[in-house]
Amino acid sequence: MVKLSVEPVTRVEGHGKITVSFDENGNLDKVHFHVVEVRGFEKFLEGRYIEDAPIYTPRICGMCQVAHHLASAKAVDAVFGVKIPETAELLRNLMHQGSTIHSHALHFYMLAAPDLMFPTTDDVLKRNLIGIAKEHPEIVKDAIELRKIGQTIVKVVGGRAIHPVTCVVGGQSKPLKEEEREELLKLSERAIELSEKSIEIGKKLIENIKEKDLLDIGYFESYHMGMVNNGVHELYDGKIRVVNAEGKVEYEFDPSEYMNYIAEGVRPYSYSKFPYLKDKGEEEGVYRVNTLSRLNVADKMATPLAQKYYEEFVKEFGKPCHYPMLFHYARLIELLSSAEKVKELLENDKIVGEDIRAEPEDIVGEGVGCVEAPRGTLIHHFKTNEEGIITDANLIVATVQNNPAMDIGVRKVAEKYLKSPDDANPQILNYMEMVIRAYDPCLSCATHVIRNSENDLSLEVYKKNELVKVIRR
């Protein structure tokens, strides 16, 4: 048997690897994407006061912290049976859109763009942000500015740029001042300008991928899931919609009903779970989340400029679209949508209101919170006792839901390019990484697997680069 590995998978958040094995006859055997770290935040939360969940969960990740903050806050509000004031809703949504701007700009320019700009180069020192900066310094400057705008919004609304603290039981702890609104409005105009510019850059880079016959790497058809508000693209609050591979709506449900539709499996080669649509089964019920999936489930975008580019996208690539490489294009349309949404929210005079917190009522004991994180649908589900102590926590994060798709995607690349071990080269192995990066995974968020005898902690012992022993616990 011959075994190849890509370890670590680069330009992603967290730690992962890809393995490819061939049987004794040289035929392709197993291809898998592995999440190789375990963190266990669901267990950490047990025994904590429920009102502290929005402070703890952002520590899962420095990239997805706002989405975790908001999903937990919404779940906590449900636990206390409280409806937050409209101004608080506007502020939370504003923080979420700012975080989306930051995250999408970071991923597209700094993690994905090297793949799209230099997909076939053998020079790994060129296929990175520094390689882009040498040839196109103005692009990197725009990326940094966009990220700064997003983080500034989060800091002003959330109290901190990283791990915000202002979401509390019943609303927000801090209002938005008029002078802060005026400053953020100026930044929103610039964010819209830079986002439109990003889409035009993205179009050229996608065309580069098409010309090199790489658009279909990792291609397969599946269900898609995302949030909508009366059918309109939504990131902050709405119903969860699932469409099938032909684009037909299969389900549309309230996030609190997620357990009726989503099941989670485990496999022995990953610390991440493998969710699937419950009534379709683990093999047939694979679905995807994230930017492209959200465009696939929505009838239209919520803002005018994003709608224009959405229509162009659908006209060129169809709907639903299943190409992993086009998650990047969809990410840029969402980037523009969030920039427009920031301006829209700030132009609403209610956002500077003083009524930002409602008094909580009796503890209901159970609550579900959901937002569309930059990487896809994020669900926080908490159960408490009568004293408000967390007794059970379930976090279904976006990357976990895309875990089956990434596993399938790397196999599709191997099936296309690796007929034997002799075909392996750094370029083909990078194609596998490109598929993983298209989903913008956050692997720190994804490590919530339940351990069992087949899927336990292990220590691999190497001697002179040769595996000599595996110790399991």
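Let us start at Val6, which touches Gly16, Lys17, Ile18, Leu429 and Glu433 once residues up to four places away in sequence are set aside; touching, or contact, means heavy atoms within 4.5 Å. The model is predicted, so local features need pLDDT of at least 70 and side-chain atom pairs count only at pLDDT 80 or more, while totals for chains, interfaces and linings use all residues. Residues are numbered from 1 along each chain as its sequence is written, and side-chain values use heavy atoms, with hydrogens and water left out.

Val6 lies in strand E1, residues 2–6. Helices (H or I, at least four residues) and strands (E, at least two) are DSSP runs numbered from the N terminus. Val6 counts as buried because its relative accessibility is 9%; buried means under 20% relative accessible area, exposed over 50%, and partly exposed in between, with a 1.4 Å probe and protein chains only. Its partner Glu433 is 427 residues away along the chain, yet the two C-alpha atoms are separated by 8.2 Å. Just after the strand, the peptide bond from Glu7 to Pro8 is cis, with omega near 0°, and Pro8 sits in the loop between E1 and strand E2 (16–22).

Now follow the chain to helix H4, residues 86–117. Its 32 residues reach 44 Å from first C-alpha to last, close to the 46 Å expected at 1.5 Å a residue; the expected span is 1.5 Å times one less than the number of residues. H4 bends by about 40° at Leu111, and Pro114 follows within four residues. The bend is the angle between axes fitted to the seven residues ending at a residue and the seven starting there. Because 29 of its 32 residues are buried, H4 is largely enclosed by the rest of the structure.

Helix H6 (residues 137–158) comes next on our tour, paired with helix H7 (residues 178–211): their axes come within 10 Å and cross at roughly 145°. Axes here are lines fitted to C-alpha atoms, for helices over the stretch in contact, and angles run from 0 to 180 degrees between N-to-C directions. On the H6 side the contact includes Ile139, Leu146, Ile149 and Ile153, and on the H7 side Leu184, Leu187, Leu194 and Ile201 are among the residues involved. By class, the contact has ten nonpolar, three polar and five charged residues; Ala, Val, Leu, Ile, Met, Phe, Trp, Tyr, Cys and Pro count as nonpolar, Asp, Glu, Lys and Arg as charged, and the others, Gly among them, as polar.

H6 itself has 22 residues and reaches 31 Å, close to the expected 32 Å. Gly159 follows H6 with a positive phi near 90°. A little further on, His163 has a positive phi of about 55° although it is not a glycine. His163 lies in the loop between H6 and strand E4 (167–168), and its relative accessible area of 16% is why it counts as buried.

Farther along, Glu283 is placed in the loop between strand E11 (274–277) and strand E12 (287–288). With 65% relative accessibility, Glu283 counts as exposed. Its C-alpha is 9.4 Å from that of Pro404, 121 residues apart in sequence. Asn290, in the loop between E12 and helix H8 (291–297), is another non-glycine with a positive phi, about 100°, and at 0% relative accessibility Asn290 counts as buried. Our last stop is Pro320, in the loop between helix H9 (304–317) and helix H10 (327–346): the peptide bond from Lys319 to Pro320 is cis, with omega near 0°.
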